[in-house]
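Me: Hi! I'm new to this one, could you walk me through it?

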Amino acid sequence: QDNQTASAAKILPTPTKEQPLLLNFNENSLGMSPKAQQAVVNALPQAFRYPDAAREQLIEKIAESHKLQAKNISLGNGSSESIQAVVQMAIYQAQKAGQKVQVIVPDPTFNYAELYAKALGVAVIKVPLNDKLAFDIEAMKKIADEFPGLSIVYLCNPNNPTATITPADQIDPWIKAASERTLFLLDEAYAEFVTDPRFHSGIELILKQHKNVVVTRTFSKIYALAGLRIGYAVAHEEIIAQVEDFISLDNTNAAGAVAALASLDDKTFLTISKTSVETARKIVTNALDELGLEYLPSQANFIFHKVPGEVKTYQDRMKEYHVFVGREFPPAKGWNRLTLGTPEEMTTFVSVLKEFRSKGWV
Ligand code: PLP
C-alpha cells in the first residue's frame, strides 16, 4: 500500500439496506462545496423571485472561465437539457431545409443523444467501439461522408461507460476537414477530471470560430451538483442562438445557479474533488492489479473493469452486500462500470471485492 492509500483507508460502517454504498450513477459522493451549500441557504429567502439575475451572472462567469462571451453559452437544466436542445435544434434545422438527418454514436456510449433523436423518429447509427474499446473514428467518418444529408456526430469525451479519452489528434482533424453536413456534439461531462495531455477540449475549436462543434459541460460531476441540475452548451454565437430556441425558458433554478457560481469561485474544492477521485481510483486500481482484473485507463470519476463470469451475477451478489456497482454496457460484454466514490467508500468496496475473491466469485 502506498501512503496515499493507507491514509485514506478509514473504516466506514458496513453498507446496509438503509445505507447502501451507491457506486452506480457516476455521482460525486464528496458532496458539493461547503461554499456552494452556504450560497443556497443564503439565496433561499429570495427564491420566490425568478432566477434571472443569478442566471445572467452564471452565464457571464462560465463564459469568462472559457475566455468566451455570454452569447457562446446556453444554460441547461443539467447538460441533459443542453444535449436535448442541440439534438432537437439540429434535426429541426435539417428538416426545415429539406435535408435528411441521422445521428451517429459510438456503442456503447451515454445514450441521451440517441434517445432524444429516436423520439423524433430520426435514425441513429451505432458504431461499435474497436477491439481496444476506443472510438472507431474512421468508421464513423465514413458513415457521415457517405450520407446525403446532415449527420449529428455525438462524441462523449471521456466516454461513458469506458472512462477513457479520445485524443485530440483523432477528433480535431475530422472536425476541421468536415463539411457543413456534419455537426459535432462533444459531451465533456467529465472533462475536469482529465489529466492526460492528449485530451483537448472542443472549446478550443469554438475559440477558433468553428461553427460545426457544440460542447456540453455539467456541474453534476466535478462540482457534485447533480441534484441541482446545472449544465450548459458552448458553441459559436450563431449556433447558440438556435439552441436557445429549444431550451425551456427560465430553465435555471435559483439554488442551482448560486451553487454553481459559488463552485466556480471555490478553487480549493475543485482541487479536493480532483484529488479525491485520483486517490479513490488508485485504491481501486491497486486492488484490481492485485486480483489480476483488467481495467481501462480511467480519466473520469468511474472505471470500466472486467468481471469474470456473468456481470449480472456479480452485481446481484454485490447488491446482497448492499453495494450497487453499476452495470454492464452491451455490446461490451464482461465489463462493469464502477463509480469512484470517496476514498473511504472505495476502501469498503475493495474489502468486499477481496471477500468475493476468497469465495471464488471474482
Ligand atoms: N453526459 C454524460 C456523459 C453523463 O454521464 C451524464 C450523466 O451521467 C450527463 C451527460 C448528464 O448529466 P447532467 O444532466 O446531470 O448534466
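**A first look**

Reply: Happy to! This is a predicted model, and the protein chain has a mean pLDDT of 96, with 97% of its residues at 70 or more.

Me: Where is the pLDDT below 50?

Reply: That happens over residues 1–8. In the model, this stretch has eleven contacts beyond near neighbours in sequence. Where pLDDT is low, the predicted coordinates should not be read in detail.

Me: Good to know. What are the ipTM and pTM scores?

Reply: The model has an ipTM of 0.99 and a pTM of 0.96.

Me: OK, next topic. How is the chain divided into domains?

Reply: Domain 1 takes in 3–32 + 268–358, and domain 2 covers 34–265. Taken over C-alpha atoms, the centres of domain 1 and domain 2 are 27 Å apart.

Me: And how many residues are in contact between domain 1 and domain 2?

Reply: On the domain 1 side there are 25 residues, and they are in contact with 28 residues of domain 2.

Me: Which elements give two or more residues to that side of domain 1?

Reply: Those are helix 11 (267–291) and strand 9 (302–306). Helix 11 gives the most, with five residues.

Me: What kinds of residues are on that side of domain 1?

Reply: The side of domain 1 that touches domain 2 has 15 nonpolar residues, seven polar ones and three charged ones.

Me: Let's switch to the sheet of seven strands. What is the strand order?

Reply: The order is 2-8-7-6-5-3-4, in an open sheet with mixed pairing. Strand 2 (73–76) and strand 4 (123–128) are the edge strands, each pairing on one side only. On average, neighbouring strands of this sheet are turned by 20° against each other, ignoring direction.

Me: Can you zoom in on strand 7 and strand 8? Do tell me how many bridges join them.

Reply: Sure! Four bridges join strand 7 (residues 213–218) to strand 8 (residues 231–234), and the two strands run antiparallel. As an example, Thr-216 has Ala-233 in strand 8 as its bridge partner.

Me: Which strands does helix 6 lie across?

Reply: Helix 6 (residues 137–145) lies across strand 3 (100–107), strand 4, strand 5 (149–156) and strand 6 (182–187). Its direction is at about 150° to strand 4.

Me: Last topic, the ligand. Which residues are closest to the ligand?

Reply: The closest are Gly-78, Ser-79, Ser-80, Thr-218 and Ser-220, out of 13 residues that surround the ligand.

Me: And how many residues of that shell are polar?

Reply: Eight are polar, alongside four nonpolar residues and one charged residue.

Conventions. Residues numbered from 1 in each chain as written. Predicted model: local features only at pLDDT ≥ 70, side-chain atom pairs only at ≥ 80, totals over all residues. Near = placed C-beta within 6 Å. Nonpolar A, V, L, I, M, F, W, Y, C, P; charged D, E, K, R; others polar. Domains from an automatic or database assignment. Contact = placed C-beta atoms within 7 Å. pLDDT = per-residue confidence, 0-100. Pairing = 2+ DSSP bridges. Axes fitted to C-alpha atoms, helices over the stretch in contact; angles between N-to-C directions.
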